[in-house]
Amino acid sequence: MHIIYSEDHRHQDGTAELIDGQFHPPVEKPERAERILAAVREAGIGGIQAPDAVERRILEKVHDPGYLQFLEKAWDEWIAAHGDWDALPIDWPTRTFVQRLPEAIDGKLGYYSFDAGTPITRGTWKAATAAASVASSGARKVVGGEHAVFCLCRPPGHHAARDLYGGYCFLNNAAVAVEELLEGGSGRVAVVDVDYHHGNGTQTIFYRRGDVLFASIHADPRQDFPFFLGYVDETGEGEGADANANYPLRWGTGWTDGYDDALGAALGRVRDFAPDAVVVSLGTDTFDGDPISRFKLRSDDYLRIGEGIGGLRLPTVFVMEGGYAVDALGVNVVNVLSGFEDAY
Ligand code: Q9C
Ligand code: ZN
């Protein structure tokens with residue numbers, strides 16, 4: 001399968017990430033994409049191509065125009081106010097507050113974010129739009145008849161909602177791929193999200209849509225990020241009723257004691273939905289050695305994930321999300337993609 005990659009990802013390179021009350025070097029770092037690129041090249045997964053720029057029109061289908069303008073200008077406003085250091089929010093309009101956009105950059109950061117662990121840097125807009133371009137171009141290849149494509153997106157996207165950033169995500173790359181597939185003639189699209197964390201952004205973007213199924217396997221939000229979405233009783237609304245399926249699993253879950261069954265159930269939902277194409281939000285932070293996660297998948301288990309998805313025999317856009325154990329990141333991603341090709 002073809003691989004779409006932009007080296008502009010390296011412009012998202014934060015100085016520090018707030019984890020557990022302390023500043024640490026970011027786990028979401030450029031080395032991640034470089035390791036994955038080296039591994040897919042080495043494994044001969046397919047040819048590597050640069051993307052064409054995503055159309056603003058497509059970004060505005062997924063995101064609020066005011067949010068996009070904010071992201072594009074946030075860094076300039078931040079350095080004018082505070083100088084050259086990662087921009088981080090510290091105040092939010094939570095319960096009891098008025099949802100109104102302030103004029104100061106600190107107020108805007110809180111208005112448009114949901115966590116303090118996602119630094120905006122000088123190159124964030126450039127990197128985030130490059131990742132969206134990767135997803136857009138990859139999906140267009142599938143529209144053009146390719147059976148599958150791997151979009152090596154960085155920064156990731158599945159936590160980004162219509163007007164919110166967080167969880168290392170700014171633009172929802174998977175949602176961009178969905179919109180390209182719908183525009184290209186797919187009547188129905190299923191998103192399968194196997195990142196360790198619930199794809200709260202993708203879920204909310206499509207929550208009222210009947211033509212897009214969102215099925216996600218993730219850490220139980222009672223225990224882990226993003227905490228406030230990803231529960232079993234979130235099943236969709238309006239025309240999207242019954243087009244959302246969450247499979248939360250407890251800390252410590254491995255392949256045989258929960259993951260395999262949840263994947264089977266999620267893929268069963270996809271089959272019943274009878275989509276024309278599939279978008280996979282591919283996170284490998286379910287790995288045993290991941291530094292911020294608590295599932296117990298082994299590298300061989302990723303072959304089984306790929307085989308399960310390949311068994312659907314549907315045109316598939318893989319969109320890279322999380323995965324922070326950099327030494328195993330390459331083999332884990334390659335295993336998903338080669339498992340898929342073997343089963344397709
Ligand atoms: N105790 C993705 O995998 N919180 N995002 C980390 C660790 C944020 C993960 C805190 C995790 C976001 C795309
Ligand atoms: Zn994740």
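Let me start with H197, which is buried in this predicted model, its relative accessible area being 6%. H197 is one of the residues that coordinate the zinc ion, ligand 2, and the full set of donors is D195 through OD, listed twice, H197 through ND1, and D285 through OD, at 1.9 to 2.7 Å. If you follow these donor residues along the sequence, they are spaced D-x1-H-x87-D. H197 sits in the loop between strand 6, residues 189-193, and helix 7, residues 200-205, while D285 sits in the loop between strand 9, residues 277-282, and helix 9, residues 301-310, so the pair ties together parts that are 88 residues apart in sequence. D285, like H197, is buried, and for D285 the relative accessible area is 0%.

Now please keep H197 and D285 in view, as we turn to the other ligand. Which residues are closest to ligand 1? There are 13 residues surrounding ligand 1, and the closest are H159, G167, H197, D285 and Y324, so H197 and D285 appear both here and among the zinc donors. Taking some of the individual approaches in turn, a polar side-chain atom of H159 lies 3.3 Å from a nitrogen atom of ligand 1, and a backbone N or O atom of G167 lies 3.0 Å from a nitrogen atom of ligand 1. H197 approaches through its side chain, where an N or O atom is 3.2 Å from an oxygen atom of ligand 1.

Let me move on to the sheet. Eight strands form an open sheet with parallel pairing, and the order across it is 4-1-5-10-9-6-7-8. The strands at its edges are strand 4, residues 48-49, and strand 8, each of which pairs on one side only. As general background, strands of a sheet pair through backbone hydrogen bonds, either parallel or antiparallel.

I will begin with the part of the sheet around strand 5, residues 148-151, where A148 and F150 point one way and V149 and C151 point the other way, and all of them are buried. On one side, strand 5 pairs in the parallel sense with strand 1, residues 2-4, over three bridges, and within that pairing I4 stands opposite C151. Strand 5 also pairs with strand 10, residues 316-320, again in the parallel sense, this time over four bridges, and here V149 has V317 as its bridge partner.

Further along the order we come to strand 6, which runs parallel to strand 7 and is joined to it by five bridges, with F214 in strand 7 as the bridge partner of V191. Strand 7, residues 212-219, in turn pairs in the parallel sense with strand 8 over six bridges, and H218 stands opposite P248 in strand 8. Is strand 8, as an edge strand, largely enclosed or largely open? Five of the six residues of strand 8, residues 244-249, are buried, so strand 8 is largely enclosed by the rest of the structure.

Let me come back to C151, and to the cysteines. How many disulfides does the structure hold? The number is zero. The sulfur of C151 has its closest cysteine sulfur in C153, at 5.3 Å, which is too far for a bond, because a disulfide needs the two sulfur atoms within 2.5 Å. For C169 the closest cysteine sulfur is also in C153, at 10 Å, so this pair too is too far apart for a bond. C151 and C169 are both buried, with C151 at 0% relative accessibility and C169 at a relative accessible area of 0%.

Finally, let me show you two residues in helices. S137 belongs to helix 5, residues 124-143, and is buried, with a relative accessible area of 12%. Leaving out residues up to four places away in sequence, S137 touches I4, P51 and D52, and you will remember I4 as the residue opposite C151 in the sheet. The second residue is N335, in helix 10, residues 326-343, which is likewise buried, at a relative accessible area of 10%. Setting aside neighbours within four places in sequence, N335 is in contact with S299, D300, Y302 and L303. N335 and Y302 are 33 residues apart in sequence, yet their C-alpha atoms are 5.4 Å apart in space.

How values were computed. Residues numbered from 1 in each chain as written. Chains lettered and ligands numbered in written order. Predicted model: local features only at pLDDT ≥ 70, side-chain atom pairs only at ≥ 80, totals over all residues. Heavy atoms only, no water. Buried < 20%, exposed > 50% of the residue type's maximum accessible area, 1.4 Å probe, protein only. Contact = heavy atoms within 4.5 Å. Donors = N, O, S within 2.8 Å, 3.2 Å for Na, K, Ca; no water. Pairing = 2+ DSSP bridges. Near = heavy atom within 4 Å. Polar contact = N/O pair within 3.5 Å; in protein donor to acceptor, adjacent residues only side chain to side chain.
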